[in-house]
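Student: I am new to this structure and should like to understand the terms used to describe it. May we go through them one at a time?

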Amino acid sequence: MVKICCIGAGYVGGPTMAVIALKCPKVVVTVVDISSQRINGWNSDHLPIYEPGLDDVVKQCRGKNLFFSTDVEKHVSEADIVFVSVNTPTKTHGLGAGKAADLTYWESAARMIADVSKSDKIVVEKSTVPVKTAEAIERILTHNKKGINFTILSNPEFLAEGTAIEDLFHPDRVLIGGRETPEGQKAIQTLKEVYANWVPVEKILCTNLWSAELSKLAANAFLAQRISSVNAMSALCEATGADVTQVSHSIGTDSRIGPKFLNASVGFGGSCFQKDIMNLVYICECNGLPEVANYWKQVVKVNDYQKTRFVNRVVSSMFNTISAKKIAIFGFAFKKDTGDTRETPAIDVCKGLLGDKAKLSIYDPQVTEEQITKDLSMRKFDKDHPAHLQPPSPTSIKQVSVVWDAYEAVKEAHGICIMTEWDEFKKLDYKKVYDSMQKPAFIFDGRNVVDVQKVREIGFIVYSIGKPLDPWLKDMPAVVA
Ligand code: NAD
Ligand code: UDX
């Protein structure tokens, strides 16, 4: 019986291992983490992450062939295959700060594997890492050990949050990279057999180690680049009277471009896109490719521009002052169907509005007050480190209230900023919302969820990303940052 241990019980480790356990009843899977809070969550009725369909999968196999434990060393030493799915956040200080990946957690996991192992193991990079990381990991693993063989594989994860279970059940592909040696090829075959329990073999791609590592960074860079491209178009649409939804549809029908991932928004968020692009930028710079680095850097710059543009639009529309005005924030998560707020555009937008002294009333169906307070008081990138290493946050922030109902958030508000495309924001009774607000009442839709025509008829002044401007907004002078 194959024994798998996964180090890191986060957004990737938890769902991925739960699906492997479900699809491979003969494999025993144990997920370990240094955070006892996370592990307790995985062993409880309230899983530590919100992901549609996840509860059901965990319930079916937990206690049978799926286990969660803080006894990291024991389970690593007993495993045949060790996945490492720990944080690889952007470095916050030292060489490469703001760009390079911080491999502290990966290195400490690798050292521990080397220390506790008593038998041969396949070590799988599940975390997203810089290309050539496997080489460094191999050196760490083989450093102190005599007689134990470690074979390293790269098996990057492509799931997206909010659709993780569906993505894991029906992946576009599974990518496995390994050394082009007999041991490397044998290890690839072993991991391939695990996935082949439910993934068609033609969708399991096998490459060398460096191609697999780089493909993950490249895939995220390409995806994010599409969003920045359409967001750049959205600014031009607003200036010209074109409608970005129509433009996206028109270009997306070209089969070479395709329709997916062309939704203009207030900006992309999530723990991966910015981090992985900056990591790519750093690798290009280190390899003497400044032009390539600048090309990819621009994707992040346009994303920052989109968030700044949004805040400027709010301020300029509301007579150039939002001081002491109540603004309702609909949604705080970086996308719908997740409670994850890492790099959510809502953080930058809220900070921008708070900088102009607005009062915010924030509502998100999955994000707690504690999380929002933490996010608004923390430095960029700090929160992608393990929770117990993060600085303590204040219990509340002046000017910010967090409520558990959208109608509560809008009472006496001057404006609404829609930050996350939760389905419920499409279905609200906007007449009721309008009636409880100060007039003129504004909607700034960062996700194009409201029916612009309908809410305009109710009386709202509406700004929707990349849509023809409301006559009111056209007349307001633009604010310059
Ligand atoms: P996460 O923060 O949710 O989980 C990482 C977990 O690792 C944490 O619970 C932390 O306590 C634990 N950990 C850190 N060091 C450890 C150690 N030495 N021993 C045991 N546990 C340790 O992060 P995540 O979102 O699951 O991401 C993990 C990796 O997967 C990252 O490299 C990320 O870039 C990549 N990735 C993430 C996604 C995503 O959608 N979140 C998708 C694809 C790839
Ligand atoms: C991403 C990749 O999609 C996934 O393959 C990888 O494994 C991890 O990073 P994730 O960040 O979870 O997944 O979500 P994704 O659906 O990619 O959305 C990222 C951000 O882009 C969100 O803020 C989303 O709202 C935004 N987005 C997405 C847009 O603004 N427009 C789009 O058309 C699509």
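Tutor: A residue is near a molecule or strand if its C-beta atom, placed from the backbone, lies within 6 Å of it. This is a predicted model, in which local features need pLDDT of at least 70, side-chain atom pairs count only at pLDDT 80 or more, and totals for chains, interfaces and linings use all residues. Residues are numbered from 1 along each chain as its sequence is written, while chains are lettered from A and ligands numbered from 1 in the order in which they are written.

Student: Which residues surround ligand 1 most closely?

Tutor: The closest are Gly8, Gly10, Tyr11, Val12 and Ser127, out of 27 residues that surround the ligand. The shell draws at least three residues from each of domain 1 (3–199) and domain 2 (222–475), with bounds from an automatic or database domain assignment.

Student: What makes residues of this shell nonpolar, polar or charged?

Tutor: Ala, Val, Leu, Ile, Met, Phe, Trp, Tyr, Cys and Pro count as nonpolar, Asp, Glu, Lys and Arg as charged, and the others, Gly among them, as polar. By that rule the shell around ligand 1 divides into 12 nonpolar, 11 polar and 4 charged residues.

Student: How do you know that strands β9 and β10 pair?

Tutor: Strands are DSSP runs (E, at least two residues), as helices are (H or I, at least four), numbered from the N terminus. Two strands pair if DSSP finds at least two bridges between them. Strand β9 (residues 326–330) and strand β10 (residues 359–363) have 5 bridges in the parallel sense, so they pair. Lysine 326 stands opposite lysine 359 in β10.

Student: Why are β11 and β14 said to stand at the edges of the sheet?

Tutor: The open, parallel sheet has 6 strands in the order β11-β10-β9-β12-β13-β14. β11 (400–403) and β14 (461–464) each have a single partner strand, so one side of each is left without a neighbour in the sheet.

Student: Why is phenylalanine 319 called exposed?

Tutor: A residue is buried if 20 or more other C-beta atoms, placed from the backbone, lie within 10 Å of its own, exposed if 12 or fewer, and partly exposed in between. Phenylalanine 319 has 11, and is therefore exposed. Lysine 357, with 12, is exposed as well.

Student: What is the phi of each of these residues?

Tutor: Phi of phenylalanine 319 is near 65°, and lysine 357 has a positive phi of about 70°. Most residues other than glycine have a negative phi.
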